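Here is a short briefing on one protein chain. Look at the fold first, then at a few side chains.

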Amino acid sequence: MQATGVDLDEAVQVEFTRNLTADTVTLGASSFQLLDSSSASVAGSLAIEGDELRFDPDANLDASATYTIILGTDILSTSGDALSEGVTSSFTTGTSVGGD
């Protein structure tokens, strides 16, 4: 299911079924990417806490745009397990900041 109406200043959060090894989650095609509607990488910072990945974009996202999240197979759980295959998902932004 694709999320719609996402706030322009919203962080991207992905929850896994296992805790993550933080140093295996990096920005790039083999680990994590957020792509805008022209397939350009969105700049930002990653944070890992337990089983949650959080990506905070450096700037607000574009209004009424579709973004693609790509998770690569370099991401490892704390037990050393990798994703069996890459995962792609998408969402569409709304037009407001912070739920306005």
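Is Phe-55 buried or exposed? Phe-55 has a relative accessible area of 0%. The cut-off for buried is under 20%, so Phe-55 counts as buried. The model is predicted. The chain has zero helices and seven strands, and these strands are arranged in two open sheets, one of three strands and one of four.

**Overall chain**

- The protein chain has 100 residues, and 34% of them count as buried.
- From the N terminus on, the elements read β-β-β-β-β-β-β.
- The radius of gyration is 13 Å. A compact globule with 100 residues would have a value near 13 Å, so the chain agrees with that expectation.
- Along the principal axes, the C-alpha trace spans about 40 × 25 × 25 Å.
- Consider contacts between residues at least 6 apart in sequence: 67% of them join residues at least 24 apart.

**The three-strand sheet**

- The strand order is β2-β5-β4, and the pairing is antiparallel.
- β2 (12-15) and β4 (44-49) are the edge strands, each pairing on one side only.
- Neighbouring strands in this sheet are turned by 15° against each other on average, direction ignored.
- β4 pairs with β5 (residues 52-57) over six bridges, in the antiparallel sense.
- Across this pairing, Leu-46 stands opposite Phe-55 in β5.

**The four-strand sheet**

- The strand order is β1-β7-β6-β3, and the pairing is mixed.
- The edges are β1 (3-6) and β3, and each of them pairs on one side only.
- The twist from one strand to the next averages 25°.
- β6 and β7 run antiparallel and are joined by six bridges.
- Thr-68 stands opposite Ser-90 in β7.

**Aromatic pairs**

- How many aromatic pairs does the structure hold? There are two.
- One pair is Phe-32 with Phe-55. The ring centres are 5.2 Å apart and the planes meet at 40°, so this pair is tilted.
- Phe-32 sits in strand β3 (residues 32-35) and Phe-55 in strand β5. The two are 23 residues apart, and the pair links distant parts of the chain.
- Phe-32 has 1% relative accessibility and therefore counts as buried. Its partner Phe-55 is buried too, at 0%.
- Tyr-67 and Phe-91 make up another aromatic pair. This one is stacked, with 5.6 Å centre to centre and 15° between the planes.
- Tyr-67 lies in strand β6 (residues 66-71) and Phe-91 in strand β7 (residues 87-93). These positions are 24 residues apart in sequence, so the pair ties together separate parts of the chain.
- Both Tyr-67 and Phe-91 are buried.

**Thr-93: a buried polar side chain in β7**

- Thr-93 is found in strand β7.
- Its relative accessible area is 4%, so Thr-93 counts as buried.
- The Thr-93 side chain reaches the backbone oxygen of Asp-62 at 2.6 Å.
- Leaving out residues up to four places away in sequence, Thr-93 touches Gly-5, Val-6, Leu-8, Leu-61, Asp-62, Ala-63, Ser-64, Ala-65 and Tyr-67.
- Tyr-67 in that contact list is the residue that forms the stacked pair with Phe-91.

**Ser-31: a buried loop residue**

- Where does Ser-31 lie? Ser-31 is in the loop between β2 and β3.
- Ser-31 has a relative accessible area of 1%, so this loop residue counts as buried.
- A polar atom of the Ser-31 side chain lies 2.9 Å from the backbone nitrogen of Thr-26.
- Which residues does Ser-31 touch, not counting residues up to four places away in sequence? They are Thr-24, Val-25, Thr-26, Ile-70, Leu-71, Gly-72 and Ile-75.
- Thr-26 thus appears both in the polar approach to the Ser-31 side chain and among the residues that Ser-31 touches.

Definitions and conventions:
Residues numbered from 1 in each chain as written. Predicted model: local features only at pLDDT ≥ 70, side-chain atom pairs only at ≥ 80, totals over all residues. Heavy atoms only, no water. Pairing = 2+ DSSP bridges. Axes fitted to C-alpha atoms, helices over the stretch in contact; angles between N-to-C directions. Phe/Tyr/Trp six-rings, centres within 6.5 Å; stacked < 30°, edge-to-face > 60°. Buried < 20%, exposed > 50% of the residue type's maximum accessible area, 1.4 Å probe, protein only. Polar contact = N/O pair within 3.5 Å; in protein donor to acceptor, adjacent residues only side chain to side chain. Contact = heavy atoms within 4.5 Å. Rg over C-alpha atoms; globule rule 2.2 N^0.38 Å.
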